[in-house]
Amino acid sequence: MKYLVIGTGGVGGSIASFLALAGKDVTCIARGAHLHAIQEDGLQLISGLKGSQTVPLKVCTAETYTDTPDVIFLCVKGYSITAVQDLLARISHPENIIIPILNGFGIGAHIAELLPTARVADGCIYIMAHIEKPGVIHQKGSIFRMVIGGNTEKDTIYLQQIATDLSNAGIKIEVSEDIRRDTFLKWAFISAMACTGAYYDVSMGAVQQAGEIRDLFAGLSREMQAIAQALDIQTAQPIEEYNLMVIDKTHPESTASMQKDLRAGKQSEIDTLLFEVIRLGESLSIAMPYYTRVAEKFSALR
């Protein structure tokens with residue numbers, strides 16, 4: 001199958017690199033200095049799972065892509081979906097599939113509304129990876145797990161074929177029977193992680209230690225649990241327990257991209273990971289003192 005990865009940041013660059021190293025047909029969409037560096041020298045991957053490798057990748061801009069992919073991994077930030085909507089409309093059709101790998105909840109349904117003739121699944125990822133400098137992706141630690149899920153039996157069969165390629169590439173992959181639950185779980189985790197890290201401006205090693213920083217992370221997780229219950233999302237274990245388990249396995253030097261972007265004064269995912277959580281909680285009449293405390297610090301960005 002032909003894979004297109006839209007967005008060659010930490011997430012998209014890691015997916016593309018692992019697939020390419022496994023001999024799969026992969027093209028990436030990138031821009032600016034990152035695009036030029038990959039075109040000239042290949043993508044430089046520094047990986048806790050693959051070591052240091054130079055990955056020859058096909059890469060181009062959205063405007064110059066002319067092929068017809070079988071699988072489209074959408075790995076941009078949520079605020080950039082509209083920027084690639086024209087590309088998605090041009091290359092999607094009922095026989096290929098768009099798999100959004102974004103932070104957030106209900107992303108697949110949102111894209112399906114924007115592109116009613118497209119075939120859209122949903123997905124999420126657990127990975128610590130970022131652009132270290134143009135042309136260089138740093139994937140930290142040993143966690144690289146994807147969960148994908150569709151809306152029909154036909155989607156599931158197709159996603160199983162994709163999962164085989166991903167597994168062969170060294171990515172831990174699951175085709176979910178309840179992707180709504182699994183994307184909510186990821187949103188609950190990355191939201192609590194990003195908000196805690198940004199509020200105290202610390203890496204995740206600080207959250208792994210007992211004290212007020214960990215207490216904030218746990219409180220945010222409990223408020224996400226209340227939202228899940230109100231939405232009738234059933235989880236195998238309490239979200240607080242799940243989030244603490246995942247954070248304790250996270251590389252201690254890790255920080256969420258939202259925190260990095262806020263520190264650098266760049267556009268960030270703060271609306272998706274903080275303010276959207278509060279809007280949803282308020283619409284469900286849920287008290288959210290922990291999220292409100294974080295929001296007060298960043299009120300100027302609301």
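Here is a short conversation about the strands, helices and cores of this predicted model.

User: Before we start, which pLDDT do local features need here?

Analyst: Happy to set the ground: residues are numbered from 1 along each chain as its sequence is written, and side-chain values use heavy atoms, with hydrogens and water left out. In this predicted model side-chain atom pairs count only at pLDDT 80 or more, totals for chains, interfaces and linings use all residues, and local features need pLDDT of at least 70.

User: Which strands are at the edges of the open sheet?

Analyst: Strands here are DSSP runs of E with at least two residues, helices are runs of H or I with at least four, and both are numbered from the N terminus. Two strands pair if DSSP finds at least two bridges between them. Five strands form the open sheet, with parallel pairing, in the order β5-β2-β1-β6-β7. The strands that pair on one side only are β5 (58-60) and β7 (97-100).

User: In the pairing of β2 with β5, which residue stands opposite C28?

Analyst: Strand β2 covers residues 25-29, and its pairing with β5 is parallel, over three bridges. Within β5, the residue opposite C28 is V59.

User: At what angle does α5 run to β7?

Analyst: Angles run from 0 to 180 degrees between N-to-C directions, with axes fitted to C-alpha atoms, for helices over the stretch in contact. From one strand of the open sheet to the next, the twist averages 20 degrees. Helix α5 (residues 153-168) lies across β1 (2-6), β6 (71-74) and β7, and its angle to β7 is about 65 degrees.

User: Turning to β3, which residues make up its uncovered face?

Analyst: In a regular strand the side chains alternate between the two faces of the sheet. Strand β3 (residues 43-47) has L43, L45 and S47 on its covered face, and its uncovered face holds Q44 and I46.

User: Which residue of β9 stands opposite L45?

Analyst: L45 has a partner in β4 too, namely Q53, and β3 and β4 (residues 51-55) run antiparallel, joined by five bridges. With β9 (residues 136-149), β3 pairs in the parallel sense over four bridges. There the residue opposite L45 is I137.

User: How many residues of β9 are buried?

Analyst: Buried means under 20% relative accessible area, exposed means over 50%, and partly exposed lies in between, using a 1.4 Å probe and protein chains only. β9 pairs with β8 in the antiparallel sense over eleven bridges, and four bridges join β9 to the parallel strand β10 (residues 172-175). Of the 14 residues in β9, which is mostly covered, the number buried is ten.

User: Why do the buried residues of α2 lie on the same side of the helix?

Analyst: The buried residues of α2 (residues 32-41) are H34, L35, A37 and I38. The arc is that of the directions from the helix axis to the C-beta atoms. They share a side of α2 because they cover an arc of only 165 degrees.

User: What phi does G42 take, just after α2?

Analyst: Contact means heavy atoms within 4.5 Å, and what covers the buried residues of α2 includes β3, β5, β8 and β9. Just past the helix, the phi of G42 is positive, about 75 degrees.

User: Which helix gives the most to the largest nonpolar core?

Analyst: A nonpolar core is a set of buried Ala, Val, Leu, Ile, Met, Phe, Trp, Tyr and Cys residues joined through side-chain atoms within 4.5 Å. The largest one has 45 residues, and F184, M193, M224, L274 and Y291 touch the most other members. With twelve residues, the element giving the most is α6.

User: What is the handedness of the crossing of α6 and α9?

Analyst: The axes of α6 and α9 come within 10 Å and cross at roughly 65 degrees, and the residues that meet include F184 and M193 in α6 and Y242 and I247 in α9. A crossing is left-handed if the near helix is turned anticlockwise from the far one by less than a right angle, and right-handed if clockwise. The crossing of α6 and α9 is right-handed.
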